[in-house]
Amino acid sequence: MEKRWRCTVCGYIHTGENPPEICPICGADSSFFELVSQEEEANKSTEVKPTAQPVIPQPDREASLRQALYRISYGLYIITAQAEGRDNGQCANTCFQITAEPPRLAIGINKINFTHELIQKSGKFGVSVLSQTGQNHARRFGYRTGRDFDKFEGLAVHRGESGVLLLNDVLVTMEATVVGQLDSGTHTLFLADVTAGEILQEGDPMTYAYFRSSK
Ligand SMILES: Cc1cc2nc3c(=O)[nH]c(=O)nc-3n(C[C@H](O)[C@H](O)[C@H](O)COP(=O)(O)O)c2cc1C
């Protein structure tokens, strides 16, 4: 292996049996060169350089974990269900496509919600995809349970082919049949096949971030 010499004045590295007479960078003579040791060479080749240096001051572990989760982006949806003659709906951000073939999605619903009870009883639910003007729908369906009041009163809705109510003033609607569910502690993850879909409006969907910034 060829020797490597370091200029102690400017750090220039020269490769060869002997140091150069004059450093081509700073002009120091050969007496200013030192041999780079084999140990130093070995360390250099195994040195692991950090790839993702945090440039923003990190909060404590728990807070940074929560802040990281907070930056996952979502849409906003009204999930509707019907069972035993009762209709209800709730706002949800946790609705996402799992596969295109078959058309399959998942929703995350809190076990204490009235909507949860209706989905478990019927095995079906509707999804109304909010547009960026859907703040009022999110408020009406997202902050109060429908156990003791009718969230649809005065609202333009229609009934889908599976029997669930769907909102008129939204981008698209879907109807879905539950094919599996996962107990996730406080929530249930419902996996469902999409059985119907209709396009009602053109426009951009509401995102959770847009809702937070515009409410
Ligand atoms: C922006 C927003 C997003 C929400 N996302 C969810 C969600 O993904 N899952 C859930 O179970 N609840 C979610 N909620 C809360 C429910 O909409 C809320 O608890 C609702 O009152 C339940 O109604 P229900 O008891 O009539 O079913 C969300 C609320 C808001 C405002």
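A196 first. Leaving aside neighbours within four places in sequence, A196 is in contact with G160, E161, S162, M174 and E175. The residue sits in strand β12, residues 187–199. Another partner to mention is A176, which is 20 residues from A196 in sequence and 7.2 Å away in space, C-alpha to C-alpha. On exposure, A196 has 16 other C-beta atoms within 10 Å, so it is partly exposed. I should say now that this is a predicted model, and what I quote is computed from it.

M174 also turns up in the surroundings of V127. With the neighbours within four places set aside, V127 is in contact with Y77, I79, C95, T173, M174 and A176. A176 is in that list, and A176 is also the residue I paired with A196 a moment ago.

That leads to the core. Which residues have the most contacts inside the largest nonpolar core? They are Y77, I79, F125, V127 and L130, in a core of 31 residues. Strand β4, residues 77–83, gives the largest share of this core, with four residues. As background, nonpolar side chains in soluble globular proteins tend to be buried together.

L130 is also a contact of V170. Setting aside neighbours within four places in sequence, V170 is in contact with S128, V129, L130, S131, G134 and L200. V170 itself is in a loop, the one between β10 (165–167) and β11 (172–184). Is V170 buried or exposed? Its C-beta has 23 others within 10 Å, and the cut-off for buried is 20 or more, so V170 is buried. Further along the chain, E202 is 32 residues from V170, and the two C-alpha atoms are separated by 9.2 Å.

Staying with β11, S184 is found in that strand. S184 has 13 other C-beta atoms within 10 Å and is therefore partly exposed. Its contacts, again without the neighbours within four places, are G108 and L189. S184 and L69 are 115 residues apart in sequence, and their C-alpha atoms are 17 Å apart in space.

Next, the ligand. The ligand is surrounded by 21 residues, and the closest of them are N113, T115, G142, T145 and G146. The elements that give two or more residues to this shell are β5 (86–92), β7 (104–110), α3 (114–122) and α4 (135–142). Of the shell, β5 supplies the largest share, four residues. What is the make-up by class? The shell has nine nonpolar residues, eleven polar and one charged.

Two backbone details come from the loops on either side of β5 and β6. In the loop between β4 and β5 we find E84. E84 is not a glycine, yet its phi is positive, about 50°. E84 has 8 other C-beta atoms within 10 Å, so it is exposed. The other detail is a cis peptide bond from E101 to P102, with omega near 0°. P102 is in the loop between β6 (95–99) and β7.

Now the N-terminal part. S37 is in the loop between β3 (33–35) and α1 (38–46). Why does S37 count as exposed? Because S37 has 10 C-beta neighbours inside 10 Å, and the limit for exposed is 12 or fewer. S37 and R4 are 33 residues apart in sequence, with 8.2 Å between their C-alpha atoms.

Finally, the overall form. The domain assignment gives domain 1 as 1–46 and domain 2 as 72–214. How far apart are the C-alpha centres of the two domains? They lie 69 Å apart. The C-alpha trace spans about 95 × 35 × 35 Å along its principal axes. The radius of gyration is 31 Å, where a compact globule of 215 residues would have one near 17 Å.

A few totals to finish. The secondary structure comes to five helices and twelve strands. Of the 215 residues, 25% are buried. Taking contacts between residues at least 6 apart in sequence, 62% join residues at least 24 apart.

Methods: Residues are numbered from 1 along each chain as its sequence is written. This is a predicted model: local features need pLDDT of at least 70, side-chain atom pairs count only at pLDDT 80 or more; totals for chains, interfaces and linings use all residues. A residue is near a molecule or strand if its C-beta atom, placed from the backbone, lies within 6 Å of it. Ala, Val, Leu, Ile, Met, Phe, Trp, Tyr, Cys and Pro count as nonpolar, Asp, Glu, Lys and Arg as charged, and the others, Gly among them, as polar. Domain bounds come from an automatic or database domain assignment. The radius of gyration is taken over C-alpha atoms; the globule rule is 2.2 Å times the number of residues to the power 0.38. Two residues are in contact if their C-beta atoms, placed from the backbone, lie within 7 Å. A nonpolar core is a set of buried Ala, Val, Leu, Ile, Met, Phe, Trp, Tyr and Cys residues joined through C-beta atoms within 7 Å.
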